[in-house]
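Biologist: Could you walk me through reading helix packing and strand pairing in a model like this one?

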Amino acid sequence: MTTWTPVRRAHNGRIALAYDRLTGHPGQEPLLLVTGLGVSRLWWPDGLAGALAAQGFAVARYDQRDAGESTHLPPTATRSPLTALVRGRGSAYTAEDMADDAVAVLDALGWESAHLFGQSLGGAVAQRIALRHPRRVRTLTSVSAVPADVAGVRTLRHLRLRTLVKLARMRHPATPEGDIEAGIALARLLHSPAHPLDERATRDRITAIADTGVRDGRSQSRQIGARWHGPGIHEIAVPTLVLHGADDPLVKPSAGRAVAARVRGARFVELPGVGHDLPEAVWQDVARRVRRLADG
């Protein structure tokens, strides 16, 4: 059974960052999971964390600012993540601030450096951590993510507009039941087509982890509107693995190819039949690939 420590808090100035660590695997190589847009750390599949731990990693995860149990910033006028992405509205902080949050978590864990595993927005944040804090990063695995130095309308070339429209049209009531239904709708939209969605298991899982993040457009807008002012990803100098689902309904595989093409020595792996999630069928393969990356 996969178990986690009680939630703890790291601090980056006035921002408190909730994190926990997988138990039962002491003294192994540190690996930090970097979470995607709006969702909490609880969205990481326990089975994937367990597969990584079995490969020799000490796994920790955290809630980014404006998500989960971490600090949520005051509301801004922008409610639409798409508007924030394209027009740069809704930003209450910088992408550098979000990179620094991860380092605050590393400090709280007592980790001088760690392997990074980031998915979706978390993949872009992980790329930025590797640029801003290279000495704190052992390896970088970027999953289903756009190049971290691409902003505004240039990002749209890597996104599937039909899915963006569907996401923008989602409406669910501001109730616990609405949170659950929003999570289930998101899981249905982003799941891997070659791996049928188990509706009952999905409902049970979402019911256990649901919070307001999936339907909180303002918090998502602040996250996605955070602008990067640092160097381009061609300056990433840590060993890098880029994974991308061949059938990702949200971020085109061209995004992953672009990241791998611009990061020196990076390897691109397209995952057949995989969408914007990581289904159970690929957990062991993904964990083995991260292990090989760590082994150099």
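Modeller: Gladly; we will take a helix pair, then a strand and its neighbours, keeping in mind that this is a predicted model.

Biologist: How do helix 5 and helix 6 pack?

Modeller: In general, two packed helices are described by the angle between their axes and the distance between the axes. Here, helix 5 (residues 161-169) and helix 6 (residues 176-190) have axes 11 Å apart, at an angle of about 170°. Angles over 145 degrees count as roughly antiparallel, and therefore helix 5 and helix 6 are roughly antiparallel to each other.

Biologist: Which residues of helix 5 and helix 6 meet?

Modeller: From helix 5 come T163, K166 and L167, and they meet L186, L189 and L190 of helix 6. Sorted by class, this contact has four nonpolar residues, one polar and one charged.

Biologist: Now to strand 7: which way do its residues point?

Modeller: The general idea is that in a regular strand the side chains alternate between the two faces of the sheet. In strand 7 (residues 240-245), T240, V242 and H244 point one way, while L241, L243 and G245 point the other way. Six of the six residues in strand 7 are buried, so to speak on both sides.

Biologist: And which strands pair with strand 7?

Modeller: Strand 6 (residues 137-143) runs parallel to strand 7 and is joined to it by four bridges, with T141 opposite L241. Strand 8 (residues 267-271) also pairs with strand 7 in the parallel sense, over five bridges; there, G245 has L271 as its bridge partner.

Biologist: What do strand 7, helix 9 and strand 8 make?

Modeller: Together with helix 9 (residues 253-262), strand 7 and strand 8 make a right-handed β-α-β unit.

Conventions:
Residues are numbered from 1 along each chain as its sequence is written. This is a predicted model: local features need pLDDT of at least 70, side-chain atom pairs count only at pLDDT 80 or more; totals for chains, interfaces and linings use all residues. Side-chain values use heavy atoms; hydrogens and water are left out. Axes are lines fitted to C-alpha atoms, for helices over the stretch in contact, and angles run from 0 to 180 degrees between N-to-C directions. Helices (H or I, at least four residues) and strands (E, at least two) are DSSP runs, numbered from the N terminus. Angles under 35 degrees count as roughly parallel, over 145 as roughly antiparallel, 65 to 115 as roughly perpendicular and the rest as oblique. Contact means heavy atoms within 4.5 Å. Ala, Val, Leu, Ile, Met, Phe, Trp, Tyr, Cys and Pro count as nonpolar, Asp, Glu, Lys and Arg as charged, and the others, Gly among them, as polar. Buried means under 20% relative accessible area, exposed over 50%, partly exposed in between (1.4 Å probe, protein chains only). Two strands pair if DSSP finds at least two bridges between them. A crossover is right-handed if, with the strands pointing away from the viewer, the path from the first strand over the helix to the second runs clockwise.
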